[in-house]
Amino acid sequence: MACLNFCKTQGFAQEKNQKKKEECTLDRTVDWHGHPASRDKTGSWVAGILILVNQGLATLAFFGVGVNLVLFLTRVLGQDNAEAANNVSKWTGTVYLFSLLGAFLSDSYWGRYKTCAIFQAIFVTGLVSLSLSTYLFLLKPRGCGDKETTCAGHSVFHIALFYVSIYMVALGNGGYQPNIATFGADQFDEEHSKEGHSKIAFFSYFYLALNLGSLFSNTILVYFEDEGMWALGFWASAGSATIGLVLFLCGTPRYRHCTPNGNPLSRFCHVFVAALRKWKVEIMPHGENLYENGDEPSHHNSARKMLHTQGFKFLDRAAVITEKDLNNKMEKEAHLNNPWRLCSVTQVEEVKCILRLLPIWLCTILYSVVFTQMASLFVEQGAAMKTTIVGFNIPPASMSSFDILSVASFIFIYRRILDPLVARLTKNPKGLTELQRMGIGLIIAIMAMVSAGVVELFRLKYAIKECTKCDGSSSLSIFWQIPQYVLIGASEVFMYVGQLEFFNAQAPDGLKSFGSALCMTSISLGNYVSSLLVTSVMKISTRDNMPGWIPGNLNKGHLDRFYFLLAALTTADLVVYFFCAKWYKYTKFEGRSEEDNNNTRQLPELSV
């Protein structure tokens, strides 16, 4: 009898273990075969680490081309500084515009895995084509393109092949970038307590991987390319991207997938048209007469329903069930509705969500203006300082390494020290909200601009006013720039990582990649606004034969005033951001688990 009981106990234990092994995720993700994703066999950090390594290698490859592209255009193709800078600006802007295309295809039709794989293949093809065209056609005579030897002229075909190659790189990287972060987040089930915390941590490690990749390209690859070894640098980028793509494909059986939800533009049009057609319809105070799709999840299996929120009441009319809607439903099949007359609450809330996100997104653009100074004015400022130490010359652009080291340090400090401390003090396990962290990022950015302005004041104090070649014309050491680079790095951890988490968490399930694309377009517009601001400042400050704030000879200008202007503008932006964050209402999703369905999860509306 004891033996029989033992066998029953063993059998029960085996059955229990089997059920545990076959436990599925609660977020309706599926595996490669379209079946519900197993928690143990898919996703989690095994897939997450593959994606992080892939991101680091892809970033190394991209910046291996982008960081020195302006020098390639001047030294190898013979363009002047203005033309080269203009071409690089167009190329960089195009990269970020392609991010919107990648996000649209991913959210609507292809899904994130397929979109990442296709655009990475385009990225690798562009890099290989660039490497071949550079080695075979552009570097003539051999060894040209360094600081001394100029290259010969090139045919129209060779120039065209070069531009096709770099714009393939732009298309591949732009379409891939907004999706890989979201795809990485998909590998963690936010409805599971442990995986939910891992999902939040993933965005910090993702940004760290991005910075580590750029660190290698900004130091090692930049050195080889600066010495004229352009083909070697481009081939290294192509090899890095190829390895990244192979690693990404190796993880295919392990990934979790979210089903694409169809064209969001048509859904948005349905809401606006339906709301206009019912502009005279009255809405019940608490939304009692609003329509939802019964018990079926919205659009496709992977999308959660969104709960009704106050605000933008005009749009609620699109979901009001009128007598005409009931008659139409009786005449047709029960599950069919005219989408141009009646939309679900989830459809309406999708539109509301995007409208609420836009003011927050607009406030991040001025931060990106501050961030872009690190690659332009910080470098020019450093070049006018003492760049030698014990006979060794420090390239001003290499000071950005302190920014990357700062990012790595502050990610560790925030995750391991600050976040647990705040959670303990506020008794909130999540610690600081994403909106609070973005606000802190703006405050640190203001401090960075003030620091840069103060350093410039002291640089001018020890500078030689009259100089023909003003590199190193001040006796102030370039190492005095370290605080401003460190502060920019710290602000990135709070702003850009918080921004990634915020848009991923708040974007509707059918628009997650679009949320990540908003982060990239913020950086793109920051570049354009910075260029416009510099042009406007120079136009105003050069009146009455004055040299202006940012002349060719910085010793005759007032770069400090420009930094203080940016600090003032960012302060004004912080005030606007505070009110936008107070106004923002968090998106409310219907829970996926049984517990959440019984007790609907409502996120707090207080945001700052």
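**Helix packing and nonpolar cores in a predicted model**

Of the 608 residues in the protein chain, 51% count as buried. The model described here is a predicted one. Its protein chain holds 19 helices and 2 strands. Contacts that span long stretches of sequence are well represented: among those between residues at least 6 apart, 81% join residues at least 24 apart.

The interior is a good place to begin. The largest nonpolar core has 129 residues, and those with the most contacts inside it are Phe162, Leu435 and Phe502. Helix H12, which covers residues 345–372, gives the most to this core, contributing 15 residues. Phe162 offers a helpful view of the surroundings of one such residue. When its neighbours within four places in sequence are set aside, Phe162 touches Leu69, Phe72, Leu73, Leu77, Leu130, Ser133 and Leu138. Apart from the largest core lies another, of 6 residues, and Tyr414, Ile444, Ala490 and Phe494 are among its members.

Attention now turns to helix H2 and its packing. Two packed helices are described by the angle between their axes and by the distance between those axes. Helix H2 (residues 44–66) packs against helix H7 (residues 193–226) at an angle of about 30°, and their axes are 7 Å apart. Because angles under 35 degrees count as roughly parallel, H2 is described as roughly parallel to H7. The crossing of H2 past H7 is right-handed. On the H2 side, the contact is formed by Trp45, Gly48, Ile51, Leu52, Gln55, Gly56, Thr59, Leu60, Phe63 and Gly64. The H7 side supplies Ser198, Phe202, Tyr205, Phe206, Ala209, Leu210, Gly213, Ser214, Phe216, Ser217, Leu221 and Glu225. Sorted by class, the residues of this contact comprise 12 nonpolar, 9 polar and 1 charged.

Helix H2 also packs against helix H5, here at an angle of about 35° and with the axes 12 Å apart. In this pair, H2 passes H5 in a left-handed crossing. The residues that meet are Asn54, Ala58, Ala61, Phe62 and Val65 from H2, and Gln120, Phe123, Leu127 and Leu130 from H5. The contact of H2 with H5 is made up of 7 nonpolar and 2 polar residues, with no charged ones. Leu130, which takes part in this contact, is also one of the residues in contact with Phe162.

A few features of the backbone deserve a look as well. Ser44, found in helix H2, has a phi near 60°, which is a positive value in a residue other than glycine. Ser44 has a relative accessible area of 21% and is therefore partly exposed, as the buried class is reserved for values under 20%. Phe312 likewise shows a positive phi, of about 50°, although this residue is not a glycine. The position of Phe312 is in the loop between helix H9 (264–277) and helix H10 (313–316). With 30% relative accessibility, Phe312 counts as partly exposed.

Finally, a cis peptide bond joins Lys140 and Pro141, with omega at about -5°. Pro141 sits in the loop between helix H5 (112–138) and helix H6 (156–186).

Methods: Residues are numbered from 1 along each chain as its sequence is written. This is a predicted model: local features need pLDDT of at least 70, side-chain atom pairs count only at pLDDT 80 or more; totals for chains, interfaces and linings use all residues. Side-chain values use heavy atoms; hydrogens and water are left out. Axes are lines fitted to C-alpha atoms, for helices over the stretch in contact, and angles run from 0 to 180 degrees between N-to-C directions. Helices (H or I, at least four residues) and strands (E, at least two) are DSSP runs, numbered from the N terminus. Angles under 35 degrees count as roughly parallel, over 145 as roughly antiparallel, 65 to 115 as roughly perpendicular and the rest as oblique. A crossing is left-handed if the near helix is turned anticlockwise from the far one by less than a right angle, and right-handed if clockwise. Contact means heavy atoms within 4.5 Å. Ala, Val, Leu, Ile, Met, Phe, Trp, Tyr, Cys and Pro count as nonpolar, Asp, Glu, Lys and Arg as charged, and the others, Gly among them, as polar. Buried means under 20% relative accessible area, exposed over 50%, partly exposed in between (1.4 Å probe, protein chains only). A nonpolar core is a set of buried Ala, Val, Leu, Ile, Met, Phe, Trp, Tyr and Cys residues joined through side-chain atoms within 4.5 Å.
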